[in-house]
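Please open the model in your viewer and keep the sequence panel beside it, since each stop on this tour begins with a selection.

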Amino acid sequence: MAVNSGAQFPELVAAQWQLETGGTSGQGPTANNNIFAQKGTDFDSDTQEYSNGGLVSAPNEGWRAYDSPQAATDWMVSNWYKDTDQHGAGVESAGGGTLPGAANQLVTQGYATDPEYANKRMRRLAERGYSSLQSKACTKRRCSGEQSR
């Protein structure tokens with residue numbers, strides 16, 4: 001899906017989906033095809049957020065609804081990963097064109113409240129066999145310069 005959305009780092013988008021949902025959807029914030037747990041006004045659900053160094057309950061948060069997982073991915077890539085007039089530099093370019101830099105930008109730009117969010121995503125990728133991602137651009141299914149998994 002992320003490749004179809006034009007993501008420079010589709011593996012990072014997939015790791016984000018996995019981290020946000022645990023690989024499922026349909027409950028809480030990830031209901032209604034909201035596979036990235038994007039806040040909005042379409043429906044309400046309880047969640048947890050990091051605040052002042054700890055995890056706290058956040059009841060009745062508002063969330064976005066999407067027609068399909070692809071629509072959610074398209075929105076995520078075009079509004080967070082790519083540069084926009086409204087938000088400026090997206091996480092891909094603000095992160096210096098590197099996968100770890102893009103992961104860190106999701107925290108820096110306010111998407112994630114968990115200060116360990118970027119590290120968790122990078123660990124998730126390493127668990128999947130993407131072990132040398134420090135400065136490699138990923139396209140389709142592999143990172144440039146890596147051996148096939």
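Throughout this tour, two residues are in contact when heavy atoms of theirs lie within 4.5 Å. The model is predicted, and colouring the protein chain by pLDDT is a sensible way to begin: the mean is 78, and 81% of the residues reach 70 or more. Select residues 132-149 next, where pLDDT stays under 50, although the model has 44 contacts beyond four places in sequence for this stretch.

Now switch to a cartoon of the whole protein chain, which has five helices and four strands, arranged from the N terminus on as α-β-β-α-α-α-α-β-β. Of the 149 residues in the protein chain, 41% are buried. Among the contacts with a separation of 6 or more, 47% are made by residues 24 or more positions apart.

**Helix 1 against helix 5**

Select residues 10-21, which form helix 1, together with residues 117-127, which form helix 5. The axes of helix 1 and helix 5 are 9 Å apart and the angle between them is about 110°; because angles of 65 to 115 degrees count as roughly perpendicular, that is the description that applies to helix 1 and helix 5. Show side chains for E11, L12, A15, Q16, Q18, L19 and E20 in helix 1, and you will find them meeting Y117, K120, R121, R124 and L125 in helix 5. Coloured by class, the residues of this contact between helix 1 and helix 5 comprise five nonpolar, two polar and five charged.

**Helix 1 against helix 2**

Keep helix 1 on screen and add residues 69-81, which form helix 2. The axes of helix 1 and helix 2 come within 12 Å and cross at roughly 115°, so helix 1 and helix 2 are likewise roughly perpendicular to each other, and their crossing is right-handed. Here the residues to display are L12, V13 and Q16 in helix 1, which meet T73, M76, V77 and Y81 in helix 2. The contact of helix 1 with helix 2 has five nonpolar and two polar residues, and no charged ones. L12 and Q16 deserve a second look, as they appear in the contact with helix 2 and also in the contact with helix 5.

**The loop at N52**

Finally, select N52, which sits in the loop between strand 1 (39-51) and strand 2 (54-63). Is N52 buried or exposed? Its relative accessibility is 83%, and N52 therefore counts as exposed. To end the tour, draw a distance from the C-alpha of N52 to the C-alpha of T113: the two residues are 61 residues apart in sequence and 9.8 Å apart in space.

Methods:
Residues numbered from 1 in each chain as written. Predicted model: local features only at pLDDT ≥ 70, side-chain atom pairs only at ≥ 80, totals over all residues. Heavy atoms only, no water. Axes fitted to C-alpha atoms, helices over the stretch in contact; angles between N-to-C directions. Helix = DSSP H or I, 4+ residues; strand = E, 2+ residues; numbered from the N terminus. Parallel < 35°, antiparallel > 145°, perpendicular 65-115°, else oblique. Left-handed = near helix turned anticlockwise from the far one by under 90°. Nonpolar A, V, L, I, M, F, W, Y, C, P; charged D, E, K, R; others polar. pLDDT = per-residue confidence, 0-100. Buried < 20%, exposed > 50% of the residue type's maximum accessible area, 1.4 Å probe, protein only.
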